[in-house]
Number of protein chains: 2
Amino acid sequence: MQEFLPPRRLLLGPGPSTVHPRVLSAMSTPLLGHLDPAFLAVMNDIQTLLRQVFATTNRFTIAISGTGSAGMEASIVNLVEPGDTVIVGVNGVFGTRLATVVERCGGKAIRVAAPWGHIIEPEAIEAALQRSGPVKAVALVHAETSTGAWQPIEPVGKLCRTHNTLFIVDAVTSLGGVPVEVDRCGIDVCYSGTQKCLSCPPGLSPFTLSDRALSVIKHRRTPCQSWYLDMALIADYWTERNRAYHHTAPISMLYALREALRLVEEEGLPARYTRHQLNSDALVAGLMALGLTPLPPAGHRLPMLTCVTVPVHIDEAAVRAQLLETFGIEIGGGLGPLKGNVWRVGLMGESCTETNVLTLLNALEEIGIRSGWISSPGVALQAAARTYNRSHH
Amino acid sequence: MQEFLPPRRLLLGPGPSTVHPRVLSAMSTPLLGHLDPAFLAVMNDIQTLLRQVFATTNRFTIAISGTGSAGMEASIVNLVEPGDTVIVGVNGVFGTRLATVVERCGGKAIRVAAPWGHIIEPEAIEAALQRSGPVKAVALVHAETSTGAWQPIEPVGKLCRTHNTLFIVDAVTSLGGVPVEVDRCGIDVCYSGTQKCLSCPPGLSPFTLSDRALSVIKHRRTPCQSWYLDMALIADYWTERNRAYHHTAPISMLYALREALRLVEEEGLPARYTRHQLNSDALVAGLMALGLTPLPPAGHRLPMLTCVTVPVHIDEAAVRAQLLETFGIEIGGGLGPLKGNVWRVGLMGESCTETNVLTLLNALEEIGIRSGWISSPGVALQAAARTYNRSHH
């Protein structure tokens, strides 16, 4: 079997995003043992840097040894015991998955649904809290990667405090691209993924627990059904003095995360958020000039993930295939009921640049002109350029 | 925060082992999307290569997106339903953990115990099978990393066939260092880790399921309690034509595994097993010359993990600290009841070389002479050299 030489790709899908050469290089650092004092220092650094991006002082802020989906499962299996009720906002793939995970650990999921592409109205959560008996937690997806909807978090955090219930937030796609303010929004459990706006390879799930959530975990009646994701045990390795062996930490991935977080720190969070918003605005202007409308209503559109409805006269799968094969550009298709109906364009972390926006719009225009669904060349590029010009002046 | 520059380390502990520069370099390959046809080809290659090291034709042979402990959990949560009985061999940390995982998914664990360092006698498993009602599975640790015991597998595989029960084998530390013959030994579920004898960084768990196990999973009465590790869902991504998105694959880690498995293929499994045995023999000869006796009886000692009892006149923790700080050599201490009583020396994969054996023995001799528990220098090196000479002639 030969050495693997990957084709050139511009990653503008729903993740993974482009990984900075410094992060790629960090991964090839020789390994240390997972109990080596020098490696424990790496873990401490990661905790410090993660607290900054989560805007939290939570002592329990770590990276779980699995992808964002492992972070989702960890949130639920640690907090929810059999019979517990969890209110889950369901307006896309990831809310649907959250509810499934609740049920797989013996919890009762109360689904508060909204059409895909729309947000869950805080009033609907409030109504569910009022009509339900005791609720262990409310779980919401901050950035619904399957629809591009940007869920308001802060008002629901307030409701959770009022109703004395825990608040679980999926920030897989949002962390590092828009503010995820764990402490200010009263979030008790927040998990993310590394391969989105942090621009680190996939494989880890940044994860933070409030002291309130930690106390709930420590006073469970039943053991956590997952041994691998049991945060009461993992605390002994990540956050307690004893640094007790639980499982072997994914050393190289943690090297990568440390370097990716250093890059975030160097840019600064406010600049990073501004960059994501600007490039997204330009992309949306360009796509709209081509007749592609974002699925979520204005005001609820994520900057790092733009989900546009593809008109029926465009063969969406064929265009994606051409983008990949001819231009080396990856964008995402639709999931579940949106399959065949939408494109999902990610501008996440290192992938979120002016050059990439223009490169994609140009490729789409070329394909559209060849296929006959665009008549006048340059309209998308022009619309994007106008957006950039407005912001630069 | 500064760039991380690791201290120089020779990894001779219970894992991670030294990672070959080609594998480190593979990890810094630019990323592809997890649904990119070029990446799906990487997954296919990994399956092909893993089937070779597992000596199996199992179609369901994959790498789980978590460490070896995730592989253990996946084995149990997929096969065991509430109320199912599992016979577990318990003679160290990992057998103990297996039994815990069985109980955490509502199974009944029948523990067949042996003193730490000893194997589980197949007769004891047979007796347990005879006196128990219906048994869903027998679970054994092939290479007990906490004690260095090498568990016979083949006779238990036969018993499982006779008693029509599934056979689960933990091959975390054995895979790639001694034969793990899944098909020939009648193993239904086998999981491993990447950071031991495969010399890939930690973070993935090679995992294989027989058709019989897969059928049991597909006919469960209840859904698997873990969504993240649900092999019925993961099959759709790894082994079925539809390649349906489940969770984002850890791309860079899979690049690393592919390259690590290519190195295994280049060396050839028989040569690799011989190398592990020879260096282990030399190490044991050297350690015994220093008065350190392997914990397991002769005939049941793993080549890749040598666990020796440290006499009371040697301050084991102080020696390990000196090895790390003065010589940059990591070896492992004892876990659980063996804490403070043993050293665990790993000669795994790339770490398993003649040079490393001599380097460690020399360092131990220097420390022992300085501390007064060795009187005549060179005895350990001499004993190791004799072993190498015998084999080279």
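User: Which residues in α3(B) are buried?

Analyst: Here's the list for α3(B) in this predicted model: Gly68(B), Ser69(B), Ala70(B), Gly71(B), Met72(B), Glu73(B), Ala74(B), Ser75(B), Ile76(B), Val77(B), Asn78(B) and Leu79(B) are buried. That's 12 of its 12 residues, so the helix is mostly covered.

User: And how far does α3(B) reach from its first C-alpha to its last?

Analyst: It reaches 17 Å with 12 residues. At 1.5 Å a residue you'd expect 16 Å, and the helix comes close to that.

User: Why do residues three or four places apart in an α-helix point the same way?

Analyst: An α-helix has 3.6 residues a turn, so a step of three or four places brings you round to the same direction.

User: OK, switching to the two chains. How many residues does each one put into the contact?

Analyst: Chain B gives 59 residues and chain A gives 59 residues. On the chain B side, the elements giving two or more residues are α1 (21-27), α2 (37-54), α3 (68-79), α4 (93-104) and α9 (251-267). So the α3(B) helix you just asked about is one of them.

User: Which element gives the largest share on the chain B side?

Analyst: α9(B) does, with seven residues.

User: What's that side like by class: nonpolar, polar, charged?

Analyst: On the side of chain B that touches chain A, there are 30 nonpolar, 19 polar and 10 charged residues.

User: How can chain B be laid on chain A?

Analyst: You turn it by 180° with a shift of 0.0 Å along the axis, and the RMSD is 0.0 Å. That's the relation of a two-fold axis.

User: Which residue of chain B comes closest to that rotation axis?

Analyst: Gly66(B), with its C-alpha at 2.7 Å from the axis.

User: Why do the copies count as meeting through the same surface?

Analyst: Because 100% of the interface residues of chain B are also interface residues in chain A.

User: Let's look at chain A alone. How many helices and strands does it have?

Analyst: Its secondary structure comes to 13 helices and 15 strands.

User: What about its overall dimensions?

Analyst: Taken along the principal axes, the C-alpha atoms fill a box of roughly 65 × 55 × 50 Å. The radius of gyration of chain A is 21 Å, and that agrees with a compact globule of 393 residues, which would have a value near 21 Å.

User: How much of chain A is buried?

Analyst: Buried residues make up 58% of the 393 residues.

User: And what share of the contacts join residues at least 24 apart?

Analyst: 71%, counting contacts in chain A between residues at least 6 apart in sequence.

User: Which domains is chain A divided into?

Analyst: Domain 1 (21-266) and domain 2 (269-392). Their centres, taken over C-alpha atoms, are separated by 29 Å. The contact between the domains takes 23 residues from domain 1 and 24 residues from domain 2. By class, the domain 1 side of that contact has 12 nonpolar, 10 polar and one charged residues.

User: Any odd backbone spots? Where's a cis peptide bond?

Analyst: In chain A, the bond from Gly15(A) to Pro16(A) is cis, with omega near 5°. Pro16(A) sits in the loop between β1 (10-11) and α1 (21-27) of chain A. Chain B has a cis bond joining Gly15(B) and Pro16(B), with omega about 5°. For context, most peptide bonds are trans, and most residues other than glycine have a negative phi.

User: So which residue other than glycine has a positive phi?

Analyst: Ser199(A) is one, with phi near 55°. It's in the loop between β9 and β10 (205-209) of chain A. In chain B, Ser199(B) has a positive phi of about 55° although it isn't a glycine.

User: Is Ser199(A) buried or exposed, and why?

Analyst: Ser199(A) is buried, because it has 27 other C-beta atoms within 10 Å, and the cut-off for buried is 20 or more.

User: Last one: is Arg184(A) buried or exposed?

Analyst: Arg184(A) is exposed, because it has 12 other C-beta atoms within 10 Å, and 12 or fewer counts as exposed. You'll find Arg184(A) in the loop between β8 (166-170) and β9 (189-191) of chain A. Its C-alpha atom is 8.2 Å from that of Thr56(A), although the two residues are 128 apart along the chain.

Conventions:
Residues are numbered from 1 along each chain as its sequence is written. Chains are lettered from A and ligands numbered from 1 in the order in which they are written. This is a predicted model: local features need pLDDT of at least 70, side-chain atom pairs count only at pLDDT 80 or more; totals for chains, interfaces and linings use all residues. Helices (H or I, at least four residues) and strands (E, at least two) are DSSP runs, numbered from the N terminus. Two residues are in contact if their C-beta atoms, placed from the backbone, lie within 7 Å. Ala, Val, Leu, Ile, Met, Phe, Trp, Tyr, Cys and Pro count as nonpolar, Asp, Glu, Lys and Arg as charged, and the others, Gly among them, as polar. Copies are superposed by least squares on the C-alpha atoms of residues with pLDDT of at least 70 in both. Domain bounds come from an automatic or database domain assignment. The radius of gyration is taken over C-alpha atoms; the globule rule is 2.2 Å times the number of residues to the power 0.38. The expected span of a helix is 1.5 Å times one less than its number of residues.
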